Amino acid sequence: MTLATTLTAESPVAVPRPRLSWVTETEAPGWTQARAELELDGDRRVTLEGRESVLVAWPFADLLPHSRHTLRVRVTGSDGVPGPWSAPLDVTTTFLADGEWAARFVELAVARRDAQPFRVRREFPVAEDLVRATLFGTALGVYQARLNGAAVDDHLLKPGWTPYRERLVHESTDVTALVRPGAANALAADVAGGWFTERWFLPEPRYGAQPSVALQLRLEYADGRVEHVVTDGDWRATDDGPVVRSSLYDGETYDARAETPGWDLPGFDDSRWQRVRFAAGAPVPVARTAPPVRVSETVAPVERLTSPGGAQLVDLGQNLVGRVRLRVTGPRGTVVTLRHAEVLEHGELGVRPLRAAEATDTYVLAGDADGEVWAPDTTFHGFRYVEVSGLPADAWEVEAEVVHSELRRTGWFTSSHALLDQLHENVVRSMRGNFLSVPTDCPQRDERLGWTGDIQVFSPTAAFLFDTRSFLASWLEDLTIEQDASGAVPFVVPNVLVEASRPAAAWGDAATVVPTVLHERYGDAGVLATQYDSMRAWTEHVLGLAGETLLWDEGFQFGDWLDPAAPPDDPFRAMTDPGLVATAYLVRSCDLTARAAAVLGRDDEARRFAETADRARAAFGTAYVTRDGDLTSASQTAYALALRFDLVRDAALRERLGRRLAALVEKNGYRIGTGFVGTPIVADALTDTGHLETAARLLLETGNPSWLYPVTMGATTIWERWDSMLEDGTINPGEMTSFNHYALGAVADWLHRTVAGLAPAEPGYRTILVAPRPIAGLDHAEAALDTPYGRARVAWRRTGDDVVVEADVPPNARAVVRLPGAPQETVGSGRHAWTLG
Ligand code: RAM
């Protein structure tokens, strides 16, 4: 038997007490951990008895700023056999000591226009005995720092988007290799506006008109001396750099003639540059906990096209988020323009859905005879097609670079159904495109906001596909910041809408749902502790709005947003009563707050919220269930909510509602009838009430509207509307029509949990629920997931009249197995197989 253990810490180590996790691999069946020994720096050891291996509390003394450590773990199984020590894990803390941040935020003293990109620089000596150099940097805007001519890392759009005035994050980058000891050095940065100066829907910039940057270089010497080089009044800046104009919505203009080689090296003459001035209003930055933004993939074009109007177009074959890399040869001063769009309409770029976002990059050639290569660093676009103008087709080549927050892929789904697999692929692609620093609704038009409702419905799917724990936990910190004193959660986080926070059901409920998902999927009880006050404040706020009736049936609601019955120009005219939706979510948030309180040992509050939830259930029944046992809204979403949110508990009534839901779906020709609220749960509601076959037909329907209709139309991402592209190839006339919106892709969670049958039965998949439901139309389906315990997999395949089910359960986890027609059983780790007759 072999045993191998891999240790990880929360990364980056931005706190003094990082949590630790480890995964053990062994072929020993039914293996569980009896004890774990952790060793710090080869001398301190602790032994932890028991099974814990996921997000284990830091067992040593608090880590100090700027400290480096080595950790390893050794586990012993319940058989008493100890394994070998894990490979050592090197840990470097990334946070600063209290009061250590000394850099000032510097900006142009004189700027020619709003959101003016600029660069800064400064020279300084470094002594011979340097041992380590670390750069702490941030911006109100986006920046890249350069040390002696080289970029300090390959991250993009640093430091990302947070509610800048309240929470700003800094990078911590080991730059020792770039420093020249015993010589003059130069620290420099390119700065642009990014999210900070974007206009959103506002008349004035939400945060500020000009970007600024702050850099703090820490130099450690052999004798223990520490020096700092920080942005201060002595730095020099210029707006004469090659980045002439920059905006997330509109794109970047880069004039290669303005390049000044050596500007980021020592010895460059910056005497004509301006002196910087200080920018006000930045908080002391904190170490970044979310993953950085990077290029994850390069996509080659599949085809070049000439549009009916004569435009040169490139088709990248997939709707992606990122930027174009241009290779070009031509005369100095030639202007090459790149316009981006997600779709073609009548053969031309379909830019109308981008609304006011110009999504146009411009490159002015320096005229280098060997050719020039360029990609914009300060913007991103959502696109499949690029129009290139300014030079003949043989003078340029393009490829696309996919840009998003670097999330580890953890979950996969495949089946025997090509269209279904494409749907799933589209969900993955839409998720990547909309996890760029903030979980957004869409990546392309003049919007790209952290709409709370979208991530609320999509978070279970997201948490399966990628490791979203630190990304979403960081975003939840911002949600709490943006929540107002009354507990109301804004529509978008970070909040850039003019109006004060207004509560809306299913949107504000992100406050309770997202932390619950992080707990359920990653075993992260810490996030419940951090978010509990926010969860409770939201729930109390909604209860206050509902008042004694416990019905939330007044005031603004998005309701079941974008259901297929709502006309293109009026998404509010959905089929489902918004009061029914809101009251259903009131119960849901009470339930989830009660659940969190129970996990945290706040028993009184757990009881109080559970009781309130039950009273609200009763109120829901009185208000929205008719005497005949129907619902007041005859919509798929209404029935799905009543069933899936457990609003109705009477078994006979549930059965009746299930039958009604199935009948509604059948009457609708198995076309989908749900919007953002009903879509993630309608298949579950059917499955729970014994209508799996109806759910299967709904899933595999290809007529409009359905999940597969866009796939038949060639979609490579999930659309905002069921019919963002109409059957005749014209774009939906609604002014809100995105082709990259993950919300309606939330059905993927049902594919994983039910069609393939891999679900969490205990937080963090400590117990896995293996419960595949083979559906008509598929010959096999399979889901695999890197759980916090290791790789789990559930697969089923039809062979003749039988279905063979296989499950891999990782060591230290177990599985509850529920197969059609068989008694429930519990199994330990290892590979298991069953044949269903
Ligand atoms: C639009 C988008 C977004 C949604 C809001 C309510 O901006 O469809 O996804 O959350 O409306």
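How far is an oxygen atom of the ligand from an N or O atom in the side chain of tryptophan 561? The answer is 3.1 Å, and the close-ups below, all taken from a predicted model, come back to that spot in the third view.

**View 1. The protein is split into five pieces, domain 1 to domain 5****.** Let's get our bearings. Going along the chain, domain 1 covers 3-92 and domain 2 covers 106-287. Next come domain 3, at 293-405, and domain 4, at 435-754. Domain 5 takes in 765-836.

**View 2. Here domain 1 meets domain 5****.** Taken over C-alpha atoms, the centres of these two domains are 29 Å apart. Domain 1 brings 15 residues to the contact, and domain 5 brings ten residues. Together they bury about 1000 Å², with 42% of that on carbon and sulfur atoms. Look for the one salt bridge across this interface: arginine 766 and glutamate 52 meet through their side chains, with 3.3 Å from N to O. Side chains of opposite charge can pair when their charged atoms come close. There are also seven residue pairs in polar contact across the interface of domain 1 and domain 5. On the domain 1 side, strand 2 (residues 20-26) gives the most, with five residues. That side of domain 1 is a mix of six nonpolar, six polar and three charged residues.

**View 3. This one zooms in on the residues around the ligand****.** Quite a few aromatic names turn up here, including Trp451, Trp507, Phe558, Trp561 and Phe676. Asp441, Arg445, Glu447, Asp454 and Glu720 are also around the ligand, and so are Met736 and His741. Three side chains are worth picking out. Histidine 741 has an N or O atom in its side chain 2.8 Å from an oxygen atom of the ligand. For tryptophan 507, a polar side-chain atom lies 3.0 Å from a ligand oxygen. Tryptophan 561 is the residue from the opening question, at 3.1 Å.

**View 4. Glutamate 358 and arginine 245 form a salt bridge****.** Their closest N and O atoms are 3.8 Å apart. The two partners come from distant parts of the chain, 113 residues apart. Glutamate 358 sits in the loop between strand 27 (348-349) and strand 28 (360-364), while arginine 245 belongs to strand 17 (residues 243-247). In total, the count comes to 77 salt bridges.

**View 5. Two cis peptide bonds lead into prolines, one at proline 159** **and one at proline 705****.** Lysine 158 is joined to proline 159 with omega at about 0°. You'll find proline 159 in the loop between strand 11 (150-151) and strand 12 (169-174). The other bond runs from asparagine 704 to proline 705, with omega near 0°. Proline 705 is in the loop between helix 12 (692-700) and helix 13 (709-712).

**View 6. Histidine 66 has a positive phi****.** The angle is about 60°, although histidine 66 is not a glycine. To locate histidine 66, go to the loop between strand 4 (44-49) and strand 5 (68-77).

How values were computed:
Residues numbered from 1 in each chain as written. Predicted model: local features only at pLDDT ≥ 70, side-chain atom pairs only at ≥ 80, totals over all residues. Heavy atoms only, no water. Domains from an automatic or database assignment. Contact = heavy atoms within 4.5 Å. Buried area = accessible area lost by both parts, 1.4 Å probe. Salt bridge = Lys/Arg side-chain N within 4 Å of Asp/Glu carboxyl O. Polar contact = N/O pair within 3.5 Å; in protein donor to acceptor, adjacent residues only side chain to side chain. Helix = DSSP H or I, 4+ residues; strand = E, 2+ residues; numbered from the N terminus. Nonpolar A, V, L, I, M, F, W, Y, C, P; charged D, E, K, R; others polar. Near = heavy atom within 4 Å.
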